[in-house]
Amino acid sequence: MPSVIVCGAGVFGAATARQLAVDGWDVTLVEPVAAGHVRAGSGDESRLIRCSHGADAWHTRSARRALDLWRAIDPGLVVESGVAWFARSEDGWEAASEATLRELGIPCQRVDPTKLFPSVGTADLAFTLFEPEAGILRARDATRTLAVQAVAAGARVVHAAARPDGARVIAGDEVLEADHVVWACGAWLPGLFGDLLSLRITQQDVLFFGAAAAWATPDVPGWVDYDGAFYGLGDLDGRGVKVAPDVEGPPIDVEAADRVVVPEHLARARAYLPLRFPALAHAPLVGSRVCQYEITPDTRFVIAPHPEHPSVWLMGGGSGHGFKHGPALAERMSGWLTGDDAPEPRFALGERSSDTALRTAGEAGEATPRS
């Protein structure tokens with residue numbers, strides 16, 4: 001029986017621990033706090049789960065597989081709302097996504113957005129693309145479910161802070177050894193592995209605005225404004241309408257920072273609401289959450305062996321985007337770890353150049369919505 005230590009119980013780590021335990025591996029999952037804890041990138045209540053990735057067929061297939069797996073893991077984790085894409089041009093990200101989705105047989109259609117939202121501004125839109133089988137993932141619940149199912153499949157959990165010691169893991173006062181080690185520590189990876197990783201850790205704020213019952217999700221779908229660098233969803237479980245600026249935020253110390261929203265992010269959202277959802281122009285802010293991205297220059301993941309310790313793998317660069325792929329990537333980890341399958345080159349360590357972003361087209365420092 002092969003053995004593995006997985007460090008970190010975020011979506012990547014918990015999904016990997018669960019999958020390998022189900023596959024019959026001897027699994028030890030190391031987590032210092034709890035799966036989906038408040039400072040983790042895998043915290044918060046909701047994440048969009050969608051397949052559109054522009055012209056990138058690999059990620060489109062992966063996201064579709066992950067969506068099917070989430071439903072199999074626990075059908076209650078996926079809120080069946082669909083996801084709408086606000087296209088500001090006829091030949092941009094959304095058109096490329098539409099072509100890829102149709103080629104792969106994933107349902108999508110162009111729709112009238114006024115039929116999806118109680119109030120929506122369309123003057124700047126070329127069209128709206130809708131993925132009817134996409135939706136919202138209950139993110140914190142999903143992370144916890146993965147960890148619970150990992151334990152049910154035989155995984156052992158060690159609650160301790162971990163640090164590397166060559167191919168071994170120091171977890172509190174315990175020295176752990178296994179055939180393989182996976183470090184899936186999110187925003188904590190750079191502090192453990194430094195220059196091996198090209199990861200920026202940035203503050204990303206999520207805002208919730210009070211609205212009437214007509215804005216409730218799942219009737220109101222999730223949505224993405226790729227060129228405007230915003231995404232969100234309707235009012236899920238009475239929390240408020242979620243509006244998230246997706247420009248790259250300032251650096252954040254994930255251990256020590258006070259989780260206070262950046263004023264510019266709130267101002268940006270306030271400027272955006274009258275443009276896209278006029279009825280919410282004066283809606284009160286009823287909640288907020290400070291999260292973080294751990295993001296590579298090309299926005300693709302890091303999933304690769306350590307250059308000096310081939311049995312040790314680093315797995316990160318996910319942020320909220322990792323939920324769209326976590327279970328599908330976990331399925332591949334067994335072959336990657338054992339060498340039965342070659343590593344995916346796009347996830348290798350080392351320098352990367354900027355590329356078409358897989359999240360939105362937001363840029364650091366951008367203060368107002370694009371028109």
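The largest nonpolar core of this predicted model has 41 residues. Within this core, W70, V182, I303 and L329 touch the most other members. Several elements feed the core. β1 (3–7), α1 (11–22), β2 (26–30), α2, α4 (139–152), β20 (312–316) and α7 (326–338) each supply at least two residues. The top contributor is α1, which gives the most, with 7 residues. There is a general background to such a cluster. In soluble globular proteins, nonpolar side chains tend to be buried together.

Now take α2, one of the elements that supply the core. Helix α2 covers residues 57–73, 17 residues in total. From its first C-alpha to its last, α2 reaches 24 Å. That is close to the 24 Å expected at 1.5 Å a residue. Many of its positions can be checked for burial. W58, H59, T60, S62 and A63 are among the buried residues of α2. Farther along α2, A66, L67, L69, W70 and I73 are buried too. W70 has already appeared, as one of the core residues that touch the most other members. The N-terminal end of α2 is capped by D56. A side-chain oxygen of D56 lies 3.1 Å from the backbone nitrogen of W58.

Next comes a sheet. Strands of a sheet pair through backbone hydrogen bonds, either parallel or antiparallel. The sheet here is open and has 3 strands, with antiparallel pairing. Its order is β10-β11-β12. The edge strands are β10 (162–165) and β12 (174–176), and each pairs on one side only. Neighbouring strands are turned by 30° against each other on average, direction ignored. Look at β10 and β11 (residues 168–171): their antiparallel pairing runs over 4 bridges. One position can be traced directly, since P164 has V169 in β11 as its bridge partner.

The cysteines remain. A disulfide is a covalent bond between the sulfur atoms of two cysteines. With a cut-off of 2.5 Å between the sulfur atoms, the count comes to 0 disulfides. C7 is in no disulfide, and its nearest cysteine sulfur, that of C185, is 5.6 Å away. Why does C7 count as buried? The reason is its relative accessibility of 1%, because buried means under 20%. What keeps C291 from a bond with C185? The sulfur of C291 is 16 Å from that of C185, its closest cysteine sulfur, so the two are too far apart for a bond. C291 is also buried, with a relative accessible area of 8%.

How values were computed:
Residues numbered from 1 in each chain as written. Predicted model: local features only at pLDDT ≥ 70, side-chain atom pairs only at ≥ 80, totals over all residues. Heavy atoms only, no water. Expected span 1.5 Å × (residues − 1). Buried < 20%, exposed > 50% of the residue type's maximum accessible area, 1.4 Å probe, protein only. Polar contact = N/O pair within 3.5 Å; in protein donor to acceptor, adjacent residues only side chain to side chain. Pairing = 2+ DSSP bridges. Axes fitted to C-alpha atoms, helices over the stretch in contact; angles between N-to-C directions. Core = buried A, V, L, I, M, F, W, Y, C linked by side-chain atoms within 4.5 Å.
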